[in-house]
Amino acid sequence: MKPSPRKAASPPARPATPVRSTRAHGQATRQHLLDVAGQVFGECGFAEGTTKAIAARAGTPMASINYHFGSRDALYEAVLVEAHAQIVGLAQLQALMQQSDDPRESLRALLTHVAGLAALKNPPWGFRVLLREIMSPSAMLPALVKKALLPKAQLVLALIGRILGLPPSHPTVQRSVMFCILPGLVMLIAPRQVIGKVLPAATEDPQMLAEELCRYVLAGLDAIAAAHAPAKKKTGKS
């Protein structure tokens with residue numbers, strides 16, 4: 001009796017590519033393009049930062065920019081939002097403000113964060129991008145305002161309103177937010193070489209920079225609150 005022929009062993013099944021791995025790779029590529037685009041736009045500005053230059057530096061085909069962002073304008077919009085997040089993200093801002101029930105301490109935490117960034121010798125690319133956008137606004141500025149500035153502004157308005165004892169919509173609260181935020185913003189986006197030439201010792205001690213910024217801002221808010229106290233008493237408002 002002849003033995004039955006052996007069946008040829010079937011090749012091992014190839015493992016399917018995990019969906020999560022593919023998604024993670026796509027997210028990594030998107031973030032890489034975002035970082036490279038931020039560097040290019042920070043160096044050249046929006047008008048001169050071409051998709052060709054971005055793709056070449058990123059080592060990816062130009063089609064990948066359209067795949068991940070849709071267009072050069074949409075890429076720049078994402079860069080602007082990311083640039084502002086490099087100063088403080090919305091979740092990060094919420095966390096800073098929840099560190100204490102005392103609004104003054106919450107403001108101190110925010111100002112200390114800003115002062116720490118201002119003392120960096122090599123700031124993130126987002127600071128240069130924002131400086132260029134402020135100096136020469138693009139058509140994507142409204143998107144930056146809507147997606148990044150307004151949500152964070154509402155939190156800061158509420159915080160300053162608590163310190164002053166005034167509603168967030170009050171003109172004094174809005175002016176006070178401007179007085180509190182603009183000095184830190186200037187420190188962040190001003191070119192380091194300019195600050196180093198004009199005020200060489202200003203940022204040498206990050207701890208003292210933070211302490212004196214807090215002292216300056218909080219003393220100003222105390223003066224504004226005191227100026228409004230008589231008016232609140234006359235109207236019977238608390």
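Which residues do ring pairs link into a cluster? In this predicted model, the residues joined in this way are F41, F46 and Y76, and the legends below begin with the overall fold before turning to that cluster and to other sites.

**Figure 1. Overall view of the predicted model, whose secondary structure comprises eleven helices and zero strands.** Followed along the sequence, the protein reads as α-α-α-α-α-α-α-α-α-α-α. The protein has 238 residues, of which 37% count as buried.

**Figure 2. Close-up of the aromatic cluster formed by F41, F46 and Y76 through ring pairs.** Across the whole structure, a search finds three aromatic pairs. In one of them, the ring centres of F41 and Y76 lie 4.9 Å apart with the ring planes at 75°, and the pair is therefore edge-to-face, since an angle over 60 degrees counts as such. This pair connects distant parts of the chain, with F41 in helix 1 (residues 19-44) and Y76 in helix 4 (residues 72-87), the two residues being 35 residues apart. Both F41 and Y76 are buried.

**Figure 3. Close-up of R72 and the ring of F46.** The side chain of R72 lies over the face of F46, at 4.1 Å from the ring centre. The ring of F46 also belongs to the cluster that ring pairs form with F41 and Y76, so that this view may be read together with the preceding one.

**Figure 4. Close-up of the nonpolar surface patch formed by M178, F179 and L182.** Together, these three residues present about 290 Å² of accessible area. M178 is located in helix 9, which covers residues 171-189. With a relative accessible area of 44%, M178 is classed as partly exposed, because this value falls between the limits of 20% for buried and 50% for exposed.

**Figure 5. Close-up of the cysteines C180 and C214.** C180 is buried, at a relative accessible area of 4%, and C214 is likewise buried, at 0%. A search of the whole structure finds zero disulfides, a result that rests on the criterion of cysteine sulfur atoms within 2.5 Å.

**Figure 6. Close-up of P103 in helix 6 and of L159, with their C-alpha atoms separated by 6.0 Å.** The helix that contains P103 covers residues 103-118. P103 counts as buried because its relative accessibility is 13%, which is under the limit of 20%. Along the chain, P103 and L159 are 56 residues apart.

How values were computed:
Residues numbered from 1 in each chain as written. Predicted model: local features only at pLDDT ≥ 70, side-chain atom pairs only at ≥ 80, totals over all residues. Heavy atoms only, no water. Patch = residues over 30% accessible without salt bridge, like charges linked within 9 Å, V, L, I, M, F, W, Y side chains within 5 Å. Areas by Shrake-Rupley, 256 points an atom, 1.4 Å probe, with all protein chains shown as cover. Salt bridge = Lys/Arg side-chain N within 4 Å of Asp/Glu carboxyl O. Helix = DSSP H or I, 4+ residues; strand = E, 2+ residues; numbered from the N terminus. Buried < 20%, exposed > 50% of the residue type's maximum accessible area, 1.4 Å probe, protein only. Phe/Tyr/Trp six-rings, centres within 6.5 Å; stacked < 30°, edge-to-face > 60°. Lys NZ or Arg CZ within 6 Å of the ring centre and 35° of its normal.
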